[in-house]
Amino acid sequence: MRAAVIQLNSQADVADNLRRIEALVADAAGAGAKLVGLPENFAFLGEENAKREIAESTEEDTAGPVTRSMRALAKKHGIWLVAGGMAEATKDPLRPYNTSLLVAPDGHIVARYRKIHLFDIDLPTAKHLESGATTAGTDVVVAPLDAGDADRVSLGMTICYDLRFPELYRKLVAEGVRIISVPAAFTLTTGKDHWHVLLRARAIENQVFVLAPAQHGKHAKDRMTYGKSLIVDPWGDVLAQAPEGEGYALANLDFAAQDRVRAGLPCLAHRRL
């Protein structure tokens with residue numbers, strides 16, 4: 001399966017963000033990608049509290065404009081689309097979910113993952129309180145993909161800060177996933193030291209492909225994100241990395257090679273805890 005991770009510099013203008021996404025997804029699909037990932041906050045990256053105003057339903061019969069756009073995009077290009085993280089309305093209008101959608105090539109939503117671990121930090125160079133304007137999810141989400149001639153392939157869904165909690169990834173691999181998505185808006189402060197290390201660690205210890213589409217550059221209130229969107233293989237090698245700025249990285253996911261890694265180093269079968 002050929003996969004692509006899209007790198008964005010999303011801002012507060014939803015319509016403009018969606019226009020740029022459409023162009024980049026078209027390019028990636030034209031290059032043969034059948035699985036495409038968008039980063040966290042793909043449709044809106046502005047004031048944290050302002051996302052309440054654009055939170056929408058993701059249910060197919062009441063879907064908002066961002067959800068409808070993602071469904072149309074997947075159907076137009078016949079791709080599996082991981083719509084990174086977006087504001088999904090909840091019963092509490094002040095605290096939407098941060099939700100990643102998996103959209104099938106026919107445009108139907110087949111999975112919703114609501115971010116479990118919310119990003120609350122207070123560093124000298126970066127402060128963020130995601131829980132102040134977001135409701136945390138509770139469910140681990142695994143979704144099947146059609147991998148063509150290969151056996152049924154499952155995708156495990158995570159978002160950004162989840163990357164620091166290896167027990168979630170262990171749970172996903174215990175449920176049989178071959179690929180894990182990590183759409184992110186990783187801060188520049190933490191990304192330069194931890195992004196590559198953590199992504200490669202999650203891939204190595206779970207012997208999975210990791211798809212990590214990311215935000216890059218300067219956003220509202222001088223927020224800076226790290227970029228470096230990656231595709232990592234089950235041995236921990238970086239198969240592809242996006243260049244600076246907006247763009248995408250593309251790589252082939254070789255499931256036969258993954259089988260060889262798991263057979264040659266059967267650490268998943270050696271678990272005792």
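**Two sheets, three helices and some side chains**

I'll start with a sheet: six strands in the order β8-β9-β10-β11-β14-β15, open, with mixed pairing. The edges are β8 and β15, residues 238-241. Each has a single partner strand, so one side of each is left without a neighbour in the sheet. From one strand to the next, the twist averages 20°. I should say now that this is a predicted model.

Take the β8 end. The pairing of β8 with β9 is antiparallel and runs over four bridges. For a register, use Val 142, which stands opposite Gly 156 in β9. At the other end, α4 lies across β11 (209-212), β14 (230-232) and β15. The angle of α4 to β14 is about 30°.

Next, the other sheet. This one is also an open sheet of six strands with mixed pairing, and its order is β5-β4-β3-β2-β1-β16. Here the edge strands are β5 and β16, the latter being residues 247-252, and each pairs on one side only. The twist averages 20° from strand to strand.

Two of its pairings can be given in detail. Strand β1, residues 2-7, runs parallel to β2, joined by three bridges, and Val 5 stands opposite Gly 37 in β2. Helix α2, residues 65-77, packs on this sheet and touches β3, β4 (97-103) and β5. Its direction makes about 175° with that of β3. The second pairing is β2, residues 35-37, with β3, again parallel and over three bridges. There, Val 36 faces Leu 81 of β3 as its opposite number.

How much of strand β3 is buried? Nine of the nine residues in 80-88 are, so β3 is largely enclosed by the rest of the structure.

Now helix α3, residues 166-174. Which of its residues are buried? They are Leu 168, Tyr 169, Leu 172 and Val 173. These cover an arc of only 135° around the axis, which puts them on the same side of α3. The general background is that an α-helix has 3.6 residues a turn, so residues three or four places apart point the same way. As for what covers the buried residues of α3, the list includes strands β5 (109-114), β8 (142-145), β9 (153-157) and β10 (179-181). It also includes helices α4 (188-206) and α5 (255-264). After α3 comes Gly 176, with a positive phi near 95°.

One of those buried residues, Tyr 169, is also in contact with Arg 202. Arg 202 lies in helix α4. Is Arg 202 buried or exposed? Its relative accessible area is 7%, and the cut-off for buried is under 20%, so Arg 202 is buried. Its side chain makes a polar contact of 2.5 Å with the side chain of Glu 205. Setting aside neighbours within four places in sequence, its other contacts include Leu 163, Pro 166 and Val 208.

A second charged side chain to look at is Glu 130, in the loop between β7 (126-129) and β8. Glu 130 is buried too, at 4% relative accessible area. Which side chain does Glu 130 join in a polar contact? That of Lys 115, at 2.9 Å. Beyond four places in sequence, Glu 130 touches several more residues, among them Glu 40, Glu 48, Lys 51, Asn 98, His 117 and Asp 120.

Leu 129, in strand β7, gives a contrasting value. At 53% relative accessibility it counts as exposed, the cut-off being over 50%. Residues up to four places away aside, Leu 129 touches Phe 119 and Asp 120. For a distance across the model, the C-alpha atoms of Leu 129 and Pro 234 are 33 Å apart, with these positions 105 residues apart along the chain.

Last, the rings. How many aromatic pairs does a search of the whole structure find? Four. Phe 186 and Trp 195 form a tilted pair, with 4.9 Å from centre to centre and 50° between the planes. Phe 186 and Trp 195 are both buried. There is also a cluster, in which ring pairs link Phe 119, Tyr 161 and Phe 165. Phe 119 has come up already, as a contact of Leu 129, and it touches Glu 130 as well.

Technical notes:
Residues are numbered from 1 along each chain as its sequence is written. This is a predicted model: local features need pLDDT of at least 70, side-chain atom pairs count only at pLDDT 80 or more; totals for chains, interfaces and linings use all residues. Side-chain values use heavy atoms; hydrogens and water are left out. Buried means under 20% relative accessible area, exposed over 50%, partly exposed in between (1.4 Å probe, protein chains only). The arc is that of the directions from the helix axis to the C-beta atoms. Contact means heavy atoms within 4.5 Å. Two strands pair if DSSP finds at least two bridges between them. Axes are lines fitted to C-alpha atoms, for helices over the stretch in contact, and angles run from 0 to 180 degrees between N-to-C directions. A polar contact is a pair of N or O atoms within 3.5 Å; within protein, one must be able to donate a hydrogen and the other to accept it, and residues adjacent in sequence count only if both atoms are side-chain atoms. Rings of Phe, Tyr and Trp (its six-membered ring) pair if their centres lie within 6.5 Å; planes under 30 degrees apart count as stacked, over 60 as edge-to-face and the rest as tilted.
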